[in-house]
Amino acid sequence: MLEHDVIIVGGGLAGCRAALEIARTDPSLSIALVAKTHPIRSHSVAAQGGMAATLKNVDVEDSWEAHAFDTVKGSDYLADQDAVEILTREAPDVVIDLEHMGVLFSRLPDGRIAQRAFGGHSHQRTCYAADKTGHAILHELVNNLRRHGVHIYDEWYVMQLILEDAQAKGVVVYKILDGQIEVVRAKAVMFATGGYGRVYNTTSNDYASTGDGLAMSALAGVPLEDMEFVQFHPTGLYPVGVLISEAVRGEGAYLINSEGDRFMANYAPSRMELAPRDITSRAIALEIAAGRGIHPDGSAGGPFVYLDLRHMGREKIMSRVPFAWEEAHRLVGIDAVNQPMPVRPTIHYSMGGIPTNTDGQVRSSPENLIDGFFAAGEAACVSVHGANRLGSNSLLECVVYGRRTGSAIAQFIQNRKLPQVDEQRYLTAAQQQIQALLDQPGTTRINNLRQAFQDGMTDYCGVFRTEELMRQGLEQLQQLQQQYQQIYLDDKGKLWNTEIIEALELRNLMIVGQLILTSALHRQESRGAHCRQDYPHRDDTNFLKHTLAYYSPAGIDLKYLPVTITMFEPQERKY
Ligand SMILES: Cc1cc2nc3c(=O)[nH]c(=O)nc-3n(C[C@H](O)[C@H](O)[C@H](O)COP(=O)(O)OP(=O)(O)OC[C@H]3O[C@@H](n4cnc5c(N)ncnc54)[C@H](O)[C@@H]3O)c2cc1C
């Protein structure tokens, strides 16, 4: 059995920042970080537009209170305001710390860190490294982990969370290289496994964003919070769905429909293209539904709208958003200096996740915490984003709450012993699970089943939702889950058997899908990203509360958790 003081699952910004904090606090600890990708291939590396913090380098009027208000309003008043206060107060400090670590932020002419406008933010406060911010930050973090001697298990897949007697004791891991299975025990376990974009058929997320950490937690009996809130980013490049960063609109690009109109004037006149993402995505979907979308041949009535950068000019495009230009050029042959880009909403971010307190410790119920289990980043729900996240607040959350969680873990494990774990029992169960997949005599292809599932989630639980649609979605999902028993694997070997990983991920995707659908069905109101056509208004009387969904093979139970309101009373949300 492998042993470490702490095991962190996930090598993105949240996991790496936590590991670094633990190493800084107590260099004598044995810290391990496991990731199914190489850490530098975590989805964080793809983050483009930036990270919000009230440095006041560009806008001296800015304040953490203004950042907090924008975040709470953006969340449609569902965010926990104590968590938002921490996020926004600590933001400048974590950015400066990253800069001291060596992160190459873009600069103002006088050498201070530059800051740009972003959707839903009332001031220019987003710090960035051109449009490759995640890349710049993640590389420095991973360099620092190596310097501190953190043990990195890269390309190991975590199959199971070991949680017994309300205590997390370790994980079961599968080494992708050669199929070896190991049990790891630790005094503390942290999940920083990122999002689940692959639940849907069109997403900006990495292929690895399959919600594994969420499904493993759910299977271990941990509730998941606010799973109904799925973020659609307004500008996915058509048809591939990859992200065109909000930074492009932050730098001045327009959204236009088939009639050449900047239609955001009809939906959010004060913020135009820089309205929050839920509002902008719905506006685009409504324009397309009303026949004002555009076809690839330029005629009206098609499936996308235009993101127009042409008035920005070559020099600004190439210096501020070079990666967006390159993506459109490489993937759809558009030269954005001369041509508008075809865009439509794409699944982007998970507001919900593993429920934690503000030290990253995981909740087992509205009242109780789990011993030794922590989570941060996109996989967690603390909740700073409530019903809708503002752009550039996620990298910030990863770093602020990664750091806090790391610090809490370093405290927690002082004077604790390694837990007792029955290694053989977990090894045998994992081996049997893999063998059963290999031996399955079925005929269903993983790819076909996954596509059917992703199409179903997109059709039945997309930008607009109704009870009828979601009930159909749950019915279809049940049938697809039965077909999972009939999937057939071609590769029966042990070396780099990525088909096994895809099979395990597909099971996880379907569990996450079921949790999203069920939580969404029971929230009978519209709030933030959750838009019910049958309940078009926000209902604070009945639904100003967080959903906690408990999974079991027999079905899903729901409980609710009150929202923490400390600074701003809920108001109507208008832009
Ligand atoms: C294209 C794109 C652009 C974005 N731009 C911005 C931006 O400009 N600003 C902003 O604030 N936010 C942005 N976001 C959101 C933000 O990047 C993410 O929310 C954030 O980086 C998530 O970090 P994380 O550490 O939580 O997880 P991730 O970076 O997703 O990392 C997850 C880690 O978990 C590991 N893992 C998962 N499952 C397993 C398993 N079973 N076993 C072992 N390891 C596992 C993965 O290998 C990976 O290392 C963007 C997102 C996308 C997709």
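**Exercise 1. Find how many cavities of 30 Å³ or more a search of the whole structure gives, and describe the largest cavity.**

Start with the count: searching the whole structure turns up 2 cavities of 30 Å³ or more. Keep in mind that this is a predicted model.

Next, the volume. The largest cavity comes to about 50 Å³.

Now look at what surrounds it. The lining of the largest cavity is made of V230, Q231, F232, R277, D278, S281, R282, N388, V463 and A529. Two elements, β11 (230-237) and α7 (277-289), each put in at least two of the lining residues. Which one gives the most? That's α7, with 4 residues.

Last, sort the lining by class: you get 4 nonpolar, 3 polar and 3 charged residues.

**Exercise 2. Do the same for the second largest cavity: give its volume, its lining and the classes of the lining residues.**

Volume goes first again: the second largest cavity has about 40 Å³.

Then pick out the residues around it. F453, G456, M457, Y460, G473, Q476, L477, L480 and L517 line this cavity. Helices come in here too, with α12 (446-460) and α13 (467-483) each supplying at least two of those residues.

Finish with the classes. The second lining holds 6 nonpolar and 3 polar residues, and no charged ones.

**Exercise 3. Work out the strand order of the open sheet with 3 strands, and say which are its edge strands.**

A quick reminder: strands in a sheet pair through backbone hydrogen bonds, and they can do so parallel or antiparallel.

Here the order reads β3-β5-β4, and the pairing is antiparallel. The edges are β3 (51-52) and β4 (115-116), since each of these pairs on one side only.

Zoom in on one pair. β3 and β5 (residues 126-127) run antiparallel and are joined by 2 bridges. If you start from M51, its bridge partner in β5 is C127.

**Exercise 4. Describe how helix α1 packs against helix α10.**

What do you need for this? Two packed helices are described by the angle between their axes and the distance between the axes.

So take the helices: α1 covers residues 13-25 and α10 covers residues 394-412. The angle is about 35°, and the axes lie 7 Å apart. As for handedness, α1 crosses α10 in a right-handed way.

Now list who touches whom. On the α1 side, the contact uses L13, A14, R17, A18, E21, I22 and T25. On the α10 side, the residues include L395, C398, V399, G402 and R403.

To wrap up, count by class: 9 nonpolar, 5 polar and 3 charged residues make up the contact of α1 with α10.

Note on methods:
Residues numbered from 1 in each chain as written. Predicted model: local features only at pLDDT ≥ 70, side-chain atom pairs only at ≥ 80, totals over all residues. Heavy atoms only, no water. 1 Å grid on protein atoms, 1.4 Å probe; cavity = no way out; pocket = protein on both sides within 12 Å on 5 of 7 lines; lining within 4 Å. Points joined across faces, edges and corners; volume = space filled by probe spheres on them. Nonpolar A, V, L, I, M, F, W, Y, C, P; charged D, E, K, R; others polar. Pairing = 2+ DSSP bridges. Axes fitted to C-alpha atoms, helices over the stretch in contact; angles between N-to-C directions. Left-handed = near helix turned anticlockwise from the far one by under 90°. Contact = heavy atoms within 4.5 Å.
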